[in-house]
Amino acid sequence: MAEDCVFCKIVAGELPASVVYDDADVLAFADLDPKAPTHILVVPKRHYVDISELAGDRDASAAVLAGVAAVVRTLGLNSYRTVFNTGVEAGQTVFHVHAHLLAGRPLTWPPG
Ligand code: AMP
Ligand code: ZN
């Protein structure tokens, strides 16, 4: 657990979250400030700063993608977008890697 990491605290049960999927390696919960009608964050339970660090652990990488697929199945989504913001200039604000899973209305492309 990384000190002062909001997502580590959610994983540890020290902060509340609206959980939609939970397994040994991954937790998925609703984003506090949703950018689409469905906006779920899928995080590995172990702390990795970003997708580059996560990629060094192939099992954890696969677990995050499987977690996305599990949420998609659970919510019955047909069409969705997954985003990993990486670095401040790309909009990353929480430095515990997370997949944004967005759905629920047509999403424009490319994003701004
Ligand atoms: P990013 O800007 O890509 O790092 O995404 C961080 C996301 O985490 C933002 O969409 C925030 O709304 C969301 N967020 C921050 N704190 C919490 C929290 N305690 N529970 C749920 N979502 C959060
Ligand atoms: Zn963390």
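Start by selecting H100 together with ligand 1: an N or O atom in the side chain of this histidine sits 2.8 Å from an oxygen atom of the ligand. Keep in mind as you go that this is a predicted model.

**Stop 1: the ligand**

With H100 still highlighted, ask how much of ligand 1 the protein covers. On its own the ligand exposes 500 Å², and the protein buries 85% of that. Next, show the residues around ligand 1; there are 17, and those that come nearest are D31, N85, G91, T93 and H100.

Zoom in on G91 from that group. A polar backbone atom of G91 is 2.7 Å from an oxygen atom of ligand 1. Then move to V94, where a backbone N or O atom lies 3.0 Å from an oxygen atom of the ligand.

**Stop 2: the strand that carries H100**

Now select residues 99-103, which make up strand 5. Are its residues buried or exposed? Strand 5 is mostly covered, with five of its five residues buried. Turn on the side chains and look along the strand: A99, L101 and A103 point one way, while H100 and L102 point the other way.

**Stop 3: the neighbours of strand 5**

Add residues 38-44, which form strand 3. Strands 3 and 5 pair in the antiparallel sense over five bridges. To see how they line up, pick T38, which stands opposite A103, and then L41, which stands opposite H100.

Turn next to strand 4, residues 81-83. Strand 4 also runs antiparallel to strand 5, and three bridges join the two. Select T82 here and you will find its bridge partner, L101, in strand 5.

**Stop 4: the whole sheet**

Zoom out and colour the strands. Five of them form an open sheet in the order 1-2-3-5-4, with antiparallel pairing. Which strands stand at the edges? They are strand 1 (19-22) and strand 4 (81-83); each has a single partner strand, so one side of each is left without a neighbour in the sheet. Tilt the view to follow the twist, which averages 20° from one strand to the next.

**Stop 5: the helix on the sheet**

Finish by selecting residues 58-75, helix 3, which packs on the sheet. This helix touches strand 1, strand 2 (26-30), strand 3, strand 4 and strand 5. Compare its direction with that of strand 3: the angle between them is about 150°.

Notes: Residues are numbered from 1 along each chain as its sequence is written. Chains are lettered from A and ligands numbered from 1 in the order in which they are written. This is a predicted model: local features need pLDDT of at least 70, side-chain atom pairs count only at pLDDT 80 or more; totals for chains, interfaces and linings use all residues. Side-chain values use heavy atoms; hydrogens and water are left out. Two strands pair if DSSP finds at least two bridges between them. Helices (H or I, at least four residues) and strands (E, at least two) are DSSP runs, numbered from the N terminus. Axes are lines fitted to C-alpha atoms, for helices over the stretch in contact, and angles run from 0 to 180 degrees between N-to-C directions. Contact means heavy atoms within 4.5 Å. A residue is near a molecule or strand if one of its heavy atoms lies within 4 Å of it. A polar contact is a pair of N or O atoms within 3.5 Å; within protein, one must be able to donate a hydrogen and the other to accept it, and residues adjacent in sequence count only if both atoms are side-chain atoms. Accessible areas come from the Shrake-Rupley method with a 1.4 Å probe; for residues, only the protein chains shown count as cover. Buried means under 20% relative accessible area, exposed over 50%, partly exposed in between (1.4 Å probe, protein chains only).
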